[in-house]
Amino acid sequence: MLWAIIQLCGVGVMVLTRFAYRPLLRRSSHLLVGQCILRWPVLLGMVILPLLASFPGWPHRFSLALSPLAGPVGCLMLAYACWLFWRSQHDVLLGNAQRKPWPGGVYQRIRHPLYAALWLAALAQFLLVQDGLAGSGGVLALLFSYGRSVRREEGLLLQWLGDAYRQYMQHTGRLWPRGLAR
């Protein structure tokens, strides 16, 4: 129960971050900071299901017996996910003083830090909620939404920036820094 509340607080921080930067997002309409993925499936999987699982009437047949370290590891992952989510918003909206086609900060090595933050939060949710249905809701929502969303955003960025974005794609990883998985 405590871990599920921590998970909901972490996702709440991400939602509040999004609302705090919303006026800047509206002014920078050409920037696509996660506009394609932050929709109902992700809200359902990462907020509503864990919230329902925290109520006493939730069926316990989906409960998981994870290691005692799952909660603390999930907390660390969620904390990093919140920081990365905030930086993805901050760097693209406030850190772009030179008006380059793409911002600096976390975007220097990762093209989609917002998506990376959501994936980390979804994995942390599984560790924190410790319920097979509600815990995997974030991962399932991202599996449903991620591929289409990232292809759409990258397609729009390729139309807008052309070869400059292609070069940027060659030097950065999509969700983690290029070369890290080698």
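The exercises below walk through a predicted model, each with a worked solution. Local features need pLDDT of at least 70, side-chain atom pairs count only at pLDDT 80 or more, and totals for chains, interfaces and linings use all residues. Residues are numbered from 1 along each chain as its sequence is written, and side-chain values use heavy atoms, leaving out hydrogens and water.

**Exercise 1. Outline the fold.**
State how many helices and strands the protein has, and how much of it is buried.

Solution.
- Step 1. Count the elements: there are seven helices and zero strands. Helices (H or I, at least four residues) and strands (E, at least two) are DSSP runs, numbered from the N terminus.
- Step 2. Read them in order from the N terminus: α-α-α-α-α-α-α.
- Step 3. Turn to burial. Of the 182 residues, 45% are buried. Buried means under 20% relative accessible area, exposed over 50%, and partly exposed in between (1.4 Å probe, protein chains only).
- Step 4. Look at the contacts (heavy atoms within 4.5 Å). Take those between residues at least 6 apart in sequence: 79% of them join residues at least 24 apart.

**Exercise 2. Explore the nonpolar cores.**
Find which residues touch the most other members of the largest nonpolar core, and which helix gives the most to it.

Solution.
- Step 1. Fix the term. A nonpolar core is a set of buried Ala, Val, Leu, Ile, Met, Phe, Trp, Tyr and Cys residues joined through side-chain atoms within 4.5 Å.
- Step 2. The largest such core has 31 residues, and Met-14 and Leu-118 touch the most other members.
- Step 3. Assign the helices. At least two residues each come from α2 (40–53), α3, α4, α6 and α7 (163–171). Helix α4 gives the most, with ten residues.
- Step 4. Inspect Met-14. Leaving aside residues up to four places away in sequence, Met-14 touches Ala-81, Cys-82, Phe-85, Ala-117, Leu-118 and Ala-121.
- Step 5. Now look elsewhere. A second, separate core has five residues, among them Leu-49, Ala-53, Trp-58 and Val-129.

**Exercise 3. Sort the aromatic pairs.**
Classify the pairs Tyr-80 with Trp-83 and Tyr-115 with Tyr-146, and place each in the structure.

Solution.
- Step 1. Apply the rule. Rings of Phe, Tyr and Trp (its six-membered ring) pair if their centres lie within 6.5 Å; planes under 30 degrees apart count as stacked, over 60 as edge-to-face and the rest as tilted.
- Step 2. The whole structure holds four aromatic pairs. Tyr-80 and Trp-83 are stacked, at 5.7 Å centre to centre with 25° between the planes.
- Step 3. Locate them. Both sit in helix α3 (residues 70–93), three residues apart, so about one helical turn separates them. Tyr-80 is partly exposed at 43%, and Trp-83 is partly exposed at 36%.
- Step 4. Tyr-115 and Tyr-146 are edge-to-face, at 5.6 Å centre to centre with 85° between the planes. Tyr-115 lies in helix α4 (residues 113–129) and Tyr-146 in helix α6 (residues 137–161), so this pair ties together parts 31 residues apart in sequence.
- Step 5. Check burial. Tyr-115 is buried at 1% relative accessibility, and Tyr-146 is buried at 13%.
- Step 6. Add Trp-119: ring pairs link Tyr-115, Trp-119 and Tyr-146 into a cluster.

**Exercise 4. Check the cysteines.**
Determine how many disulfides the structure holds, and whether Cys-75 and Cys-82 are buried or partly exposed.

Solution.
- Step 1. Set the cut-off: a disulfide is a pair of cysteine sulfur atoms within 2.5 Å.
- Step 2. The structure holds zero disulfides.
- Step 3. Cys-75 is partly exposed, at 23% relative accessible area, whereas Cys-82 is buried, at 14%.
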